[in-house]
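Please look over the sequence and the model below before reading on. The paragraphs that follow begin with the chain as a whole and then turn to its parts.

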Amino acid sequence: MLIDSHCHLIYEGLVDRQGEALAAARARGIGGFLNISTRQREWADVVAVAHREPDVWASVGIHPHEADGHADLGAAVLRAATDDTRVVGIGETGLDYYYDHSDRAVQQDLFRMHIGVARETGLPVIIHTRDAEADTLRILQDEMGKGAFPALIHCFTASADFGRGVLDLGLTISISGIVTFKNAKDLQAFVATIPAERLLVETDAPFLAPIPHRGKKCEPAFVADTAAFVAQLRGETLDTLAASTTDNFFRLFSKAERPSP
């Protein structure tokens, strides 16, 4: 069994064919899906999918692109949203200096707020970082010094130095279809070195379709292609990688109940 640890089932390209996309993924051995939110107005819809589908879980959070529109959200609102039985993670949150859609100081404040709620609830914080390695690592180190919290770098594409830094802090790293791209040689080299117990796989569907699906809308079934590529990189069988990444998912997202065999 594989888990798609990060997908957006209510986004264009999937929202109008959720049932079909989930059935196609299940047919390829995908046994669980984490449906990610990026802004407050999505939370109800993301959680509703998780209540309807027993193998889908939900996250609640604010993407850094949306930070300016949620500057006054407040930790209490986010914390209350985590009470839902199907909410197993917080995010995605983090820093994005590539697009700079939101003020960097606001991004940083919201990132720290999400971390505080993760520390309080024990739910893992799901982190997006792009062109912001130094500040992301600085904030993680600072916040970890205030008290440990579970966390995941999703769709990892950063440098090996950043990767080693977050691993040293105890974080988990999730790999998307980007690893299959021909120009991802540095990422491929780093993925081969990630400790087996700290690795997840994801699609970020409907974005970032892996080879051999480039040019298509990505969907959760394609995590099987990414997993097969990662297993080959690491010199493992797909069954070995599937078992370890599934175990890692349920260890990190401990509120999610593992489906019965």
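Helices (H or I, at least four residues) and strands (E, at least two) are taken here as DSSP runs and are numbered from the N terminus. The model is a predicted one, in which local features need pLDDT of at least 70 and side-chain atom pairs count only at pLDDT 80 or more, while totals for chains, interfaces and linings use all residues. Residues are numbered from 1 along each chain as its sequence is written, and side-chain values use heavy atoms, with hydrogens and water left out.

Counted in this way, the secondary structure of the protein chain amounts to 9 helices and 8 strands. The C-alpha atoms occupy a box of roughly 45 × 40 × 35 Å along the principal axes. For 261 residues, a compact globule would be expected to have a radius of gyration near 18 Å, and the 17 Å of the protein chain agrees with this; the radius is taken over C-alpha atoms, and the globule rule is 2.2 Å times the number of residues to the power 0.38. Of the 261 residues, 57% count as buried, where buried means under 20% relative accessible area, exposed means over 50%, and partly exposed lies in between (1.4 Å probe, protein chains only). The accessible surface of the protein chain is about 10700 Å², and 50% of this surface belongs to carbon and sulfur atoms; such areas come from the Shrake-Rupley method with a 1.4 Å probe, and for residues, only the protein chains shown count as cover. Among contacts between residues at least 6 apart in sequence, 73% join residues at least 24 apart, a contact being heavy atoms within 4.5 Å.

One place to see how elements pack is the pair formed by helix 4 (residues 104-121) and helix 5 (residues 133-146), which meet at an angle of about 35° with their axes 11 Å apart. These axes are lines fitted to C-alpha atoms, for helices over the stretch in contact, and the angles run from 0 to 180 degrees between N-to-C directions. From helix 4, the contact draws on Gln108, Phe111, Arg112, Ile115 and Arg119, and from helix 5 on Asp135, Thr136, Arg138, Ile139, Leu140, Asp142, Glu143 and Lys146. By class, this contact of helix 4 with helix 5 has 4 nonpolar, 2 polar and 7 charged residues, where Ala, Val, Leu, Ile, Met, Phe, Trp, Tyr, Cys and Pro count as nonpolar, Asp, Glu, Lys and Arg as charged, and the others, Gly among them, as polar.

Further along the chain, helix 6 (residues 160-168) has Phe162, Gly163, Gly165, Val166 and Leu167 as its buried residues. Their cover includes strand 5 (125-130), helix 5, strand 6 (151-153), strand 7 (172-175) and helix 7 (185-191). Valine 166, in helix 6, counts as buried because its relative accessibility is 0%. Leaving out residues up to four places away in sequence, valine 166 touches Leu137, Leu140, Ile153, Leu171, Ile173 and Arg198. Just after helix 6, glycine 170 adopts a positive phi of about 95°.

Which residues other than glycine have a positive phi, among them one near 50° and one near 60°? Aspartate 100 has a phi near 50° and is found in the loop between strand 4 and helix 4, whereas aspartate 204, with a phi near 60°, has its place in the loop between strand 8 and helix 8. Aspartate 100 is partly exposed because its relative accessible area is 34%, while aspartate 204 is buried because its relative accessible area is 10%.

The loop between strand 8 (199-201) and helix 8 (223-234) also holds proline 212, which is joined to isoleucine 211 by a cis peptide bond with omega about 15°. Another cis peptide bond, with omega about 20°, joins glycine 91 and glutamate 92, and glutamate 92 is found in strand 4 (residues 87-96).

Threonine 203 has its place in the loop between strand 8 and helix 8, and it counts as buried because its relative accessibility is 2%. Its contacts, not counting residues up to four places away in sequence, include Asp4, Cys7 and Pro220. Phenylalanine 33, placed in strand 2 (residues 30-35), is likewise in contact with residues including Asp4, Cys7 and Pro220, once its neighbours within four places in sequence are left aside. Phenylalanine 33 counts as buried because its relative accessibility is 0%.
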